[in-house]
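Q: I've got a model open and would like to learn how to read its features one by one. Can we go through it together?

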Amino acid sequence: MLLFFGYTSCPDVCPTTLASWKQVHAALGGDGSKARFLFVTVDPERDTPARLKRYLAIFSPDFVGLTGTQQALAATYRAYGVVREKVTRSGSGVGYLVNHTARTYLIDPAGFLRLSYGFGTLPKDIAEDIRRLLLEGQR
Amino acid sequence: MACGRRCMDGYGMLGLGVVATVAAAVLAGCGPRTAVGVKIRVENAWARPAVTETARHEGGGAQPGGASAIYLTLVNEGQEDDRLITAWTDVARRAEVHATKTEDGVTTMYHLPELVVPARGRVELRPGGVHLMLAGVTRNLNVGDRFQVALRFEKAGTLTVDVEVR
C-alpha cells in the first residue's frame, strides 16, 4: 500500500506524485490490482469526499482519497510525522496553499510501515519494492 | 514562430539607420516582438489536470480551489537577457511563477516576481521546480484539453502559447 498526504488544490507536487503513482501502477502490470494507493488530504476544509474522488479519478479510478474528522486526521498526521501549514496570501482571492510533507509511505500487507520515499523517487524503483513485498507475502 | 524568424532575419539584412522605420514596420507585422535582438521561443508547454469544484464543509462557506501548473521551456535566441513579468489565461484567475522547494521532506512554494531568461539561454519549468502556478482554476482541465496562456516579457512583449493538459 502506498500512502501520500496532499490536497486537490495543490498545483505542482501532488499531481506530480499522482502521475508518478500512475506509472507505478502501470509498471506493476497484473500485480497492480494487489496494491492500494491512498491519498490522505491535508486540506479537509476544501477536500470533500466527492472532490477527492473526482480529482483522483483524473489519475486513476484505483486511487482512493481519505478524509476524516479533525481529530482523526490530526492523529494520522502525527503518526506519520506529517507537517501541514496553511499559507494564505492576502487579497489573492484564489484560496490558499498548504505546505506539507511530501513523502510517499510504503506499508506492507501486514500493516507495517516499511519504507518512505522522498518526492521525485523513480516510479520503477517504487514498483520494484512493491513487487518484493508482494513476493514476501506469498512465502 | 516562423514569422518571427523570417522577420528577424529580414531585419538583419536591412542593417541600421535609415531603414529603421521599415524594420519597425516589418517587426510590428510579426506581433509580439517589440525589441530588436530579443526573441523568445516557447517549447513543450503542458499543464496538470485540475478540478474547479468549490467545496463546502460544515460550518464553512464556499472556498475557492482548483489549481494547476504549467510547465514549459523558454528559449531566448536573442543577444539580451529578458524577463517574464506576468502571465494570464482564461482558465484561471491567477497565473504566477512559483518555485517549489523541499526541506526536511516538507514542500513549500514561493512566488518569483520575475523570471530571467538569459541571452542565448533556456529556462526549463518542470515538475517539482519552477512552474507557472494557476490558482482559482475556472474550468475543469481534463487530460487532452487545450488552452492558451499569454506570457508577457519585458523586452519580447507578449506571446500567446498553446498548452496541452497531460
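Q: Among contacts in chain A between residues at least 6 apart in sequence, what percentage join residues at least 24 apart?
A: This is a predicted model, so read everything here as computed from it. The idea is to set aside sequence neighbours and ask how far along the chain the remaining partners sit. For chain A, 64% of the contacts between residues at least 6 apart join residues at least 24 apart. Run the same count on chain B and you get 71%.

Q: Which elements does each chain have, and in what pattern along the sequence?
A: Start by listing helices and strands, then read off their order. Chain A has four helices and seven strands, and its pattern is β-α-β-α-β-α-β-β-β-β-α. Chain B has two helices and 10 strands; there the pattern is α-α-β-β-β-β-β-β-β-β-β-β.

Q: How do I read the radius of gyration of chain A?
A: You hold it up against what a compact globule with that number of residues would give. For the 139 residues of chain A that reference is near 14 Å, and the chain has 15 Å, which agrees. For the extents, look at the box filled by the C-alpha atoms of chain A: roughly 55 × 30 × 25 Å along the principal axes.

Q: What about burial and surface: how much of each chain is buried?
A: Take the share of buried residues, then ask which atoms supply the exposed area. Buried residues make up 48% of the 139 residues in chain A, and 48% of the 166 in chain B. Chain A exposes about 6600 Å², with 54% of that from carbon and sulfur atoms. For chain B the accessible surface is about 8000 Å², 51% of it belonging to carbon and sulfur.

Q: And the charges in chain A: how many are there of each sign?
A: Count the two signs, then compare where their centres lie. Chain A carries 17 positive and 12 negative side chains, and the two centres are 3 Å apart.

Q: Which residues have the most contacts inside the largest nonpolar core?
A: Think of a core as a connected network, and look for its hubs. This one has 44 residues, and the hubs are Leu2(A), Phe5(A), Leu18(A), Val24(A), Phe37(A) and Ile130(A). Helix 1 of chain A gives the largest share of this core, six residues. Another core, of 33 residues, lies apart from it and includes Val42(B), Val117(B), Leu151(B) and Ala156(B). Back at Leu2(A), the residues touched beyond its sequence neighbours include Trp21(A), Tyr105(A), Tyr117(A) and Ile126(A).

Q: Where is Arg36(A), which Leu2(A) also touches?
A: Place a residue by its element, then its exposure, then its partners. Arg36(A) is in the loop between helix 1 (13-28) and strand 2 (37-41) of chain A. With a relative accessible area of 51%, Arg36(A) is exposed. Leaving out neighbours within four places, Arg36(A) contacts Met1(A), Leu2(A) and Val64(A). Its C-alpha is 9.6 Å from that of Ile107(A), 71 residues away in sequence.

Q: Why would anyone flag a positive phi?
A: Because most residues other than glycine have a negative phi. Asp104(B) has a positive phi, near 50°, and sits in the loop between strand 4 (92-103) and strand 5 (106-111) of chain B. Asp104(B) is exposed, at 80% relative accessible area. Arg120(B) also has a positive phi, near 55°. Its loop runs between strand 6 (115-117) and strand 7 (122-124) of chain B, and at 58% relative accessibility Arg120(B) counts as exposed.

Key:
Residues numbered from 1 in each chain as written. Chains lettered and ligands numbered in written order. Predicted model: local features only at pLDDT ≥ 70, side-chain atom pairs only at ≥ 80, totals over all residues. Heavy atoms only, no water. Rg over C-alpha atoms; globule rule 2.2 N^0.38 Å. Buried < 20%, exposed > 50% of the residue type's maximum accessible area, 1.4 Å probe, protein only. Contact = heavy atoms within 4.5 Å. Areas by Shrake-Rupley, 256 points an atom, 1.4 Å probe, with all protein chains shown as cover. Lys, Arg positive; Asp, Glu negative; His and termini not counted. Charge placed at Lys NZ, Arg CZ, Asp CG, Glu CD. Core = buried A, V, L, I, M, F, W, Y, C linked by side-chain atoms within 4.5 Å.
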